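The following note is addressed to a student who is beginning to read protein structures. Please keep the sequence and the structure in view while going through the points.

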Amino acid sequence: MTNLQDDQDAQDSQDTPAPQHAPDAPDAPDAPDAPPPGCPAHAARLYGPDFRRRPDETYQRIRQDSGPVAPVLLEGDIDAWFVLGYRETRQVLSDTETFGRDPRRWNGWDSVPPDWPLMPWVAYSPMMTFTEGEEHQRRATAASEALATVDPFVLRGHCERLADQLIDKFAASGRADLVYDYIYSVPTLATAELFGLAQDEAGLEALAAGLTVSFLSNEEAIAGQQRVAAYVTELVRAKREDPGPDLTSRFILNTPDLTEEQHTADIMVLMAAALPLTSYWIGNTLRLMLTDERFAMNLSGNRRSIGEAMNEVLWADSPLQNLIGRYATRDTDLGGRRVHAGDLVVLGLAAANADPLLWPDTPVGHAGNHSHVAFSGGDYGCPAGGPETARIIAETAIEVLLDRVPDLTLAVAPDELRWVDSFWYRCLESLPVTFSPAPVTAG
């Protein structure tokens, strides 16, 4: 899921009183002099066409210029600290007392415009991701318990049927744009089954589009999230009145004291993890297998090759690139930088996975190594069961596609592929392919 890794820890309304700030700690040891976040002479911009096209090069430049923790500018030149070091990222993920999750602590709100594109998933709301302490643990545990009821064999069989049905729609034509025809559709339909959504094609397309747009770096983000909230509110109301054998109902039954607004916010979090993230995992893996000769020779149903490609994507082309955020509860030292109480700390998950301290020998590769932070970690990592659920959906979608059309060929040059403008995610706008026309499945 959206916020997914099996070897990492499992993971109120607007008028809720703001939490008390942690008492001031003794001054941290003197850190080297550093420019404040946002200093134009030193801060790199994590937005724009260059960043969108090659974020890895941006991360490399920042690391070379500023080290494992650097001042950066987000969309609209909003300043923040950016964590690129693997060790420092793990430190922030594990130290919830120093790096809190409630965005009302942020000392930079005065400079944030109301239409800020990153607002939908940063502004405080009753989502479980913004809760702390026992409240967060209780709601995260309820999510994990709901996910534990997913039968992996049933889910795999369901995804196989969905994949075959989708492939039947383009198999005879010998060409497709996998982003539009397949990559989004399999997780969307699987999400509908898991969360008890009506099998209404128009409604599901609207949900998927709304979730996708809410993570884009443009003016549509806020409206996209609002549409998703309206959709999920209706779902929650229905399941509170008439529960069924689905994740939405199970989570509601596990948290009877939550309000409708809180249930809606938490289901949105789970859906946001399940749908866009899994789609981008599929898309980035297929792109790798179509463009890297190590995998291109083994497209035809090579299960080991698929698993290796999926794991490599989590390390080297992570669907989830960056996370906002953590907010310092007190003055502290991080990676040699003095971070002040209220400062915003952005987790560069993709940059941390590429930390050269982890990979002194570049050719070693990623096979068998699952210690990445592609899906965050610590108390706010993906709920237990989420990583396996996402893996089943993504792996099944890729396996069925390559079994049905094993001679997939990219229809454009690799450098012609375009990437969505998103600070959060790394995903393709389109993935056009050609192949030998294939028969449809019986029935």
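The points below concern a predicted model, and they treat salt bridges, a sheet, a helix pair, a buried helix and some backbone details in turn.

1. Salt bridges in helix 4. The search of the whole structure yields 24 salt bridges. One of them joins the side chains of arginine 138 and glutamate 135, with an N to O distance of 2.8 Å. Why can these two residues meet? They lie three residues apart in helix 4 (residues 133–147), so about one helical turn separates them. In general, an α-helix has 3.6 residues a turn, and therefore residues three or four places apart point the same way. Arginine 138 is partly exposed, with a relative accessible area of 32%, and glutamate 135 is also partly exposed, at 23%.

2. A second partner for glutamate 135. The side chain of glutamate 135 also forms a salt bridge with arginine 139, at 3.1 Å from N to O. Here the two residues are four apart in helix 4, which again places them about one helical turn from each other. Is arginine 139 buried or exposed? Arginine 139 is buried, because its relative accessible area of 0% falls under the 20% cut-off.

3. The network. Which residues are linked with glutamate 135 in a network of salt bridges? The network consists of Glu135, Arg138, Arg139, Asp257 and Asp266. The two pairs described above, arginine 138 with glutamate 135 and glutamate 135 with arginine 139, should be read with this network in mind.

4. A salt bridge between distant parts of the chain. Arginine 287 and aspartate 317 form a salt bridge in which the closest N and O atoms are 3.3 Å apart. The two residues are 30 residues apart, and the pair links distant parts of the chain: arginine 287 belongs to helix 12 (residues 276–291), whereas aspartate 317 sits in the loop between helix 14 (303–316) and strand 6 (322–328). Both partners are buried: arginine 287 has a relative accessibility of 18%, and aspartate 317 has one of 9%.

5. An open sheet. Three strands make up an open sheet with antiparallel pairing, in the order 5-11-10. Strand 5 (175–177) and strand 10 (409–410) are the edge strands; each has a single partner strand, so one side of each has no neighbour in the sheet. How many bridges join strand 10 to strand 11? Two bridges join strand 10 to strand 11 (residues 432–434), and these strands run antiparallel. Threonine 409 has threonine 434 of strand 11 as its bridge partner.

6. The pair of helix 10 and helix 11. Two packed helices are described by the angle between their axes and the distance between the axes. For helix 10 (residues 247–254) and helix 11 (residues 260–274), the axes come within 11 Å and cross at roughly 135°. The two helices are therefore oblique to each other. Their crossing is right-handed. On the side of helix 10, the residues in contact are Thr248, Phe251 and Ile252, and they meet His263, Asp266 and Ile267 of helix 11. Asp266 also appears in the salt-bridge network of the third point.

7. A buried helix. Nine of the eleven residues of helix 7 (residues 185–195) are buried, so this helix is largely enclosed by the rest of the structure. The buried residues include Val186, Pro187, Leu194 and Phe195. Glycine 196 follows helix 7 and has a positive phi, near 75°.

8. Backbone details. The peptide bond from isoleucine 324 to glycine 325 is cis, with omega near -15°, and glycine 325 lies in strand 6. Aspartate 77, although a residue other than glycine, has a positive phi near 60°. Aspartate 77 is located in the loop between strand 2 (69–74) and strand 3 (78–83) and is partly exposed, with a relative accessible area of 34%. Serine 376, likewise not a glycine, has a positive phi of about 65°. Serine 376 is in the loop between helix 15 (349–353) and helix 16 (386–404), and it is buried, with a relative accessible area of 1%.

Definitions and conventions: Residues are numbered from 1 along each chain as its sequence is written. This is a predicted model: local features need pLDDT of at least 70, side-chain atom pairs count only at pLDDT 80 or more; totals for chains, interfaces and linings use all residues. Side-chain values use heavy atoms; hydrogens and water are left out. A salt bridge is a side-chain nitrogen of Lys or Arg within 4 Å of a carboxyl oxygen of Asp or Glu. Buried means under 20% relative accessible area, exposed over 50%, partly exposed in between (1.4 Å probe, protein chains only). Two strands pair if DSSP finds at least two bridges between them. Axes are lines fitted to C-alpha atoms, for helices over the stretch in contact, and angles run from 0 to 180 degrees between N-to-C directions. Angles under 35 degrees count as roughly parallel, over 145 as roughly antiparallel, 65 to 115 as roughly perpendicular and the rest as oblique. A crossing is left-handed if the near helix is turned anticlockwise from the far one by less than a right angle, and right-handed if clockwise. Contact means heavy atoms within 4.5 Å.
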